[in-house]
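Here are a few exercises to try with the viewer open. Have a go at each task before you read its solution.

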Amino acid sequence: MSRAFNFSAGPAMLPEAVMRQAQAEMLNWNNTGMSVMEMSHRSKEYMAMAQHAEQTLREIMSIPDNYKVLFTHGGASLQFSAIPLNLTRPGDVVDYIVTGVWSAKAVKEAQRYVNVNVVCENHQCIPERSEWRLSPNAKYVHYTPNETIGGIEFLDIPDVGDVPLVADMSSTILSRPIDVSKFGVIYAGAQKNIGPAGLAIVIVREDLIGQAREITPVLMNWQVSADNDSMYNTPPTYAWYLAGLVFDWIKAQGGVEAMAKHNEAKAKKLYAAIDTMSFYANPVAVSERSWMNVPFTLKDPSLDGLFLEESKQAGLLNLKGHKLVGGMRASIYNAMPEEGVDALINFMQDFAQRHG
Ligand SMILES: *Cc1c(COP(=O)(O)O)cnc(C)c1O
């Protein structure tokens, strides 16, 4: 099979140019005579690369100077525990907005450490603001701007006053410009829009660092990471390098503004195709539809297996929906070219014609 269009929700497709560069310098990176994978993270060359990656991310996201950028282990899920451990004491209250599977998982983990107030919960849509029950004394408000499984995305940033806003941006980071200064903490697992799995990025306002509980495992303590430039122990070195290449690629494409244009165009096309054909349906309200993850169902679910088999043969991979939702899901992150979406739409039209 030649290189196909991979619609996986994560680990997901990476930009072809990045993969080719990584391939070209696999055995001898930067004239060092070795792969970056084989190199000490304390070496001059590696440290320069790591700093460049952070600088580029700061530039493309316009991250203000009073925020630290941490490159951590453990994916987004480890931050589900790190957040309450770094920001609360036992007995404190925290607010969680629950709009799907990932925000519910974040709640479950936080409940081990702190009193969680679920502000609102609905896995099919974002509840009306008038229904939100924010606590007067919350240490932070947590939400998931893009629910990867349900395909629900916030188009604006919730206004929670002076309470620090904590956002799991795993599946939307770098897909569009965001105002970082509105957040206390932004975190994201890398394997959707950043690079290989295993790495997570944490962007945290400096005044929120330094309050971790005594029992916090050292690798989850943001202060320790910040003081050691994310190198308290060996970081996921290759993932960091590849993330740096992706940041360079985004910058060369015109930054997150260009990503947003490209992503909006892809998403609009795909939703329009789903809405035009009665053979397919997407359950999400138009104003909350994700630009990154597009779930859809077939009118006749008994054709799901055939749809997956034939789409795979057409070079359109991993369209199977999450087991909790069923149907199909097309994840169309930054690296998915518009031709991939066009090919999917053509296939869907053809399939509907043959089986409708
Ligand atoms: C994928 C995903 C996660 C889990 O990320 P890991 O890196 O596997 O821990 C968490 N939250 C959201 C929104 C995700 O999409």
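**Exercise 1.** Find the polar contacts that side chains make with the ligand in this predicted model.

*Solution.* Start at Asp 168: an N or O atom in its side chain sits 2.6 Å from a nitrogen atom of the ligand. Next, go to Lys 192, where a polar side-chain atom is 2.7 Å from a ligand oxygen. Then check Gln 191, which places a polar side-chain atom 2.9 Å from an oxygen atom of the ligand. With a cut-off of 3.5 Å between N or O atoms, these pairs pass as polar contacts.

Now for the cover: on its own the ligand has 390 Å² of accessible area, and the protein covers 87% of that.

**Exercise 2.** Describe the shell of residues around the ligand.

*Solution.* Count first: 14 residues surround the ligand, and Ser 77, Thr 148, Asp 168, Gln 191 and Lys 192 come nearest. Then sort the shell by type, which gives 9 polar, 3 nonpolar and 2 charged residues. Finally, ask where they come from: helix H3 (residues 75–87) supplies the largest share, 4 residues.

**Exercise 3.** Locate the largest nonpolar core and work out which parts of the chain build it.

*Solution.* A bit of background helps: nonpolar side chains tend to be buried together in soluble globular proteins. Here the largest such core holds 56 residues, and Leu 57, Leu 174, Ile 194, Ile 203, Tyr 241 and Phe 247 have the most contacts inside it. Looking at helices, H6 (residues 237–253) gives the most to this core, with 11 residues. As a last step, compare with the domain bounds: domain 1 (17–253) and domain 2 (256–355) each contribute at least three residues to this core.

Conventions: Residues are numbered from 1 along each chain as its sequence is written. This is a predicted model: local features need pLDDT of at least 70, side-chain atom pairs count only at pLDDT 80 or more; totals for chains, interfaces and linings use all residues. Side-chain values use heavy atoms; hydrogens and water are left out. A residue is near a molecule or strand if one of its heavy atoms lies within 4 Å of it. A polar contact is a pair of N or O atoms within 3.5 Å; within protein, one must be able to donate a hydrogen and the other to accept it, and residues adjacent in sequence count only if both atoms are side-chain atoms. Accessible areas come from the Shrake-Rupley method with a 1.4 Å probe; for residues, only the protein chains shown count as cover. Helices (H or I, at least four residues) and strands (E, at least two) are DSSP runs, numbered from the N terminus. Ala, Val, Leu, Ile, Met, Phe, Trp, Tyr, Cys and Pro count as nonpolar, Asp, Glu, Lys and Arg as charged, and the others, Gly among them, as polar. A nonpolar core is a set of buried Ala, Val, Leu, Ile, Met, Phe, Trp, Tyr and Cys residues joined through side-chain atoms within 4.5 Å. Buried means under 20% relative accessible area, exposed over 50%, partly exposed in between (1.4 Å probe, protein chains only). Domain bounds come from an automatic or database domain assignment.
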